[in-house]
Amino acid sequence: LHELVEETSIPDEEFAIYMNKRRQSLQANLQKTSCMARNLFFRSLFPRPHPYGDYALPVDADKVSAQDVRDFFHRCYRWNTARLVISGACHHLHWDKHPWLAETGLANTRQRDEERSFATTPTKRETLRHPVPGAVQSTIRIGRLLPFAWNDMQHARFLILNAILGGYFGSRLMSNLREDKGYTYSIYSRVQIMRGATVFSLSTDVNAEATDNALKEIYGEMRRLREEPVPTDELETVKNYLAGEFLRGIDGVFERSERFIQQEYALVDDRLDANYLQALSSVTPQQLQELACEFLREDELTEVVAGR
């Protein structure tokens, strides 16, 4: 590991080969409706100069040299800013006495990085279309910024609401658009915790001719959640599923280390899990309906369609 960081080389020839592949990949992505929709969606939520709304173009591959990457590596890949995660039978290790850890400074306890905040725009309705002549399918992305923090109980409850809507294979969106209507092979929704922002979004690829009908059904499922409390048996099924997924997510050394790394990256702590488990045991249909009325309103959602 020490050699990998201290003696890394970036040969010009290998760099040129990689960047040529990267350029071709970026060019191919511009033809994919899924990539178009994603780029438009995040650009809408995070207008420039916000970094979350930016994305690479093929021409950007010509702006970077091997020396740029070497300089970046030596400036940013440093032991004094690194985190070492060891999961498993590590309780017997003496961090402060390990010579290599002491040499690199990894044995020292440090505060986590401060969260860098970026200004975000108010949530508003926006409809974006990116026509692709001859496209046989359309990619739909719908979502919004969520105003509450990751350590708010509303966030934990919204994770359960999201699961009911489109967060697992038995969700309402999957049952409706895939199993009942046959508009799509897959549709899902998710909540992304990012540094300084939380994003709710749903995404699907549908037959081009079914685009308008798919949008109608998606908004119809949101309206049901606003107008009708979630039945008790459906809520119990979802809660049991989510509890099982949570346990699987921490069952093993790889899973635990990966979870810790994700928490470090997003600058969250154990309060996220504590709130989530509390919500699973206490959330009510009325609380979920209130969340839907407040945050699943069509007039505050960004809608992107790439394709038809």
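**Start: α7 and α8**

Helices α7 and α8 cross in a right-handed manner (a crossing is right-handed if the near helix is turned clockwise from the far one by less than a right angle, left-handed if anticlockwise). This is a predicted model, in which local features need pLDDT of at least 70 and side-chain atom pairs count only at pLDDT 80 or more, while totals for chains, interfaces and linings use all residues. Residues are numbered from 1 along each chain as its sequence is written, and side-chain values use heavy atoms, with hydrogens and water left out.

Select α7, residues 172–180, and α8, residues 211–227. Helices (H or I, at least four residues) and strands (E, at least two) are DSSP runs numbered from the N terminus. The two helices pack at an angle of about 150°, and their axes are 10 Å apart. α7 is therefore roughly antiparallel to α8 (under 35 degrees is roughly parallel, over 145 roughly antiparallel, 65 to 115 roughly perpendicular, the rest oblique). Axes are lines fitted to C-alpha atoms, for helices over the stretch in contact, and angles run from 0 to 180 degrees between N-to-C directions.

Show side chains next. On the α7 side, R172, L173, N176 and L177 meet A214, E217, I218, E221, R224 and L225 of α8; contact means heavy atoms within 4.5 Å. By class, this contact holds five nonpolar, one polar and four charged residues (Ala, Val, Leu, Ile, Met, Phe, Trp, Tyr, Cys and Pro are nonpolar, Asp, Glu, Lys and Arg charged, the others, Gly among them, polar).

**Stay on α7**

Which residues of α7 are buried? They are R172, L173, M174, N176 and L177, where buried is under 20% relative accessible area, exposed over 50% and partly exposed in between, with a 1.4 Å probe and protein chains only. Widen the selection to α6, β3 (184–194), β4 (197–207), α8 and α9 (232–249), against which the buried residues of α7 pack. Just after the helix, G182 has a positive phi of about 70°.

**Move to α6**

Keep α8 on screen and add α6, residues 153–167. Here the packing angle is about 140° and the axes lie 11 Å apart. α6 and α8 are therefore oblique to each other. Their crossing is right-handed. L161, I164 and L165 of α6 meet E221, M222 and L225 of α8. This contact has five nonpolar residues, no polar residues and one charged residue. E221 and L225 also appear on the α8 side of the contact with α7.

**The nonpolar cores**

A nonpolar core is a set of buried Ala, Val, Leu, Ile, Met, Phe, Trp, Tyr and Cys residues joined through side-chain atoms within 4.5 Å. Select I142, F158, I160, I218, M222 and L296, which touch the most other members of the largest core, a set of 45 residues. α6 supplies the largest share of this core, eight residues. Centre on I218: beyond its neighbours within four places in sequence, I218 contacts I140, I142, L173, L177, I187 and L202. Another core lies apart, with 14 residues, including F46, L128, L145 and A197.

**Buried and exposed positions**

Go to N275 in helix α11, residues 271–282. N275 has 12% relative accessibility and so counts as buried. Leaving out residues up to four places away in sequence, N275 touches N151, D152, M153 and A156.

Is S9 buried or exposed? S9 counts as exposed because its relative accessibility is 56%. Look for S9 in the loop between α1 (2–6) and α2 (12–29). From S9 to A210 the C-alpha to C-alpha distance is 51 Å, with the two positions 201 residues apart in sequence numbering.

**Backbone checks**

Most residues other than glycine have a negative phi, and most peptide bonds are trans. Select L267: its phi is near 60°, a positive value in a residue other than glycine. L267 sits in the loop between α10 (253–266) and α11, and counts as buried because its relative accessibility is 8%. Then select R48 and P49, joined by a cis peptide bond with omega about 10°. P49 is in the loop between α3 (33–45) and α4 (66–76).

**Zoom out**

Show the whole protein chain, with 12 helices and five strands. Its C-alpha trace spans about 60 × 50 × 35 Å along the principal axes. Of its 308 residues, 39% are buried. Among contacts between residues at least 6 apart in sequence, 80% join residues at least 24 apart.
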